[in-house]
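Please open the structure in your viewer and keep the selection tool at hand. We will go from one stop to the next, with a word on what to look for at each.

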Amino acid sequence: MDLLTYLQHYEPQELVHVGGDTYCTRTHDSLKISNGKWHWWSRGFGGVSALDYLIKVQNYSFIQAVETLSGRAAALPPVSRAPPQREPKKLLLPEWNETTDRVKRYLMGRGIHPSIIDYCVERKLLFESKQYHNAVFIGYDRGGNARYAALRGTKGSFKSEATGSDKHFSFSIPSAQPSERLHLFESAIDLLSYATLAHLSGQDWRKVHLLSLAGVFKTKRENVVPVALEQYLRDHPQIKTLYLHLDNDEVGRGAARGIMGGLGHRYEVQDRPPPVGKDVNELLQRKLGLINQREEWCL
């Protein structure tokens, strides 16, 4: 039995709705329950089942936890699970700042060309949050509705996502004309870095599709295709060729293998990581002299 089902049926007084499909417990507000799992953030561990919760959080012995679950199931009607109903997530965007001065200064410091920043701002793909002056990269669905937002601090290393973000619709810049080519990146800044590299080499970066995957993750499963990519390919069935510009680390290389294994039979997939450095932005900074050592790259 998962923890949410257990609390709903046997300890509803402990359950606090945080927002969307996320809950916490009244006793431990840092213990969050979402997507069938739970994690106690202040303690740094989590689990899936109610049995895990009783043992790890309530400090029951294994036998006590089993007896508790068995006793409550016997005393109350059997737990029946209704089919999960997926409601569209409500995206909560931070308040927009009047200007994007800090965001533009930050991105130009990372090597992003000002014309590309302006392109994104004019199309409401990018804005500056009013309270913290974070860079906010917005992803839209086919109907033009904002469904995702990545937050990046203009100072420090802060990275997050706006509450209610749906990774199916991560930050992207669709081609301005019909195109069969899609270029993939782990982050929005890598995407903008690629556009800058193309612009500096005299190419029109608006003639191809550009998609950020909103991060990739290490998994033991094979041939895993990120949900953002699956959604984008459904929305753009004309695409035939994928170019993977993922990071030069274990996670990025593993994600590239997963995409090639999962989609190689349906699409032409070309693995094109940056020839040096961790990611595309580092390559751009090297090319501009922000980091030493220039390297050429096949776009």
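**Stop one: a helix across strands**

Select residues 3–10, which form helix 1, and see how this helix lies across strand 1, strand 2 (22–25), strand 3 (31–34) and strand 4, running at about 100° to strand 3. Contact here means heavy atoms within 4.5 Å. Helices (H or I, at least four residues) and strands (E, at least two) are DSSP runs, numbered from the N terminus. Axes are lines fitted to C-alpha atoms, for helices over the stretch in contact, and angles run from 0 to 180 degrees between N-to-C directions.

Before going on, note that this is a predicted model, in which local features need pLDDT of at least 70 and side-chain atom pairs count only at pLDDT 80 or more, while totals for chains, interfaces and linings use all residues. Residues are numbered from 1 along each chain as its sequence is written, and side-chain values use heavy atoms, leaving out hydrogens and water.

**Stop two: the five-stranded sheet**

Now show the strands under that heading: five of them form an open sheet in the order 1-2-3-4-5, with antiparallel pairing. Two strands pair if DSSP finds at least two bridges between them. Which strands stand at the edges? Strand 1 (15–19) and strand 5 (45–47) do, each pairing on one side only. From one strand to the next, the twist averages 25°.

Zoom in on strand 4 (residues 37–40), which pairs with strand 5 in the antiparallel sense over three bridges. Pick His 39 and you will find Gly 46 of strand 5 opposite.

**Stop three: the four-stranded sheet**

Move on to the open sheet of four strands, ordered 6-7-8-9 and paired antiparallel. Strand 6 (126–128) and strand 9 (159–161) are its edges; each has a single partner strand, so one side of each is left without a neighbour in the sheet. Neighbouring strands are turned by 25° against each other on average, direction ignored.

Three bridges join strand 6 to strand 7 (residues 135–140). Select Phe 127 to see Val 136 of strand 7 opposite. Then add helix 4 (residues 101–109), which packs on the sheet and touches strand 6, strand 7 and strand 8 (146–152). The direction of helix 4 makes about 115° with that of strand 6.

**Last stop: the whole protein**

Zoom out to take in nine helices and 14 strands. The C-alpha atoms fill a box of roughly 75 × 45 × 40 Å, taken along the principal axes.
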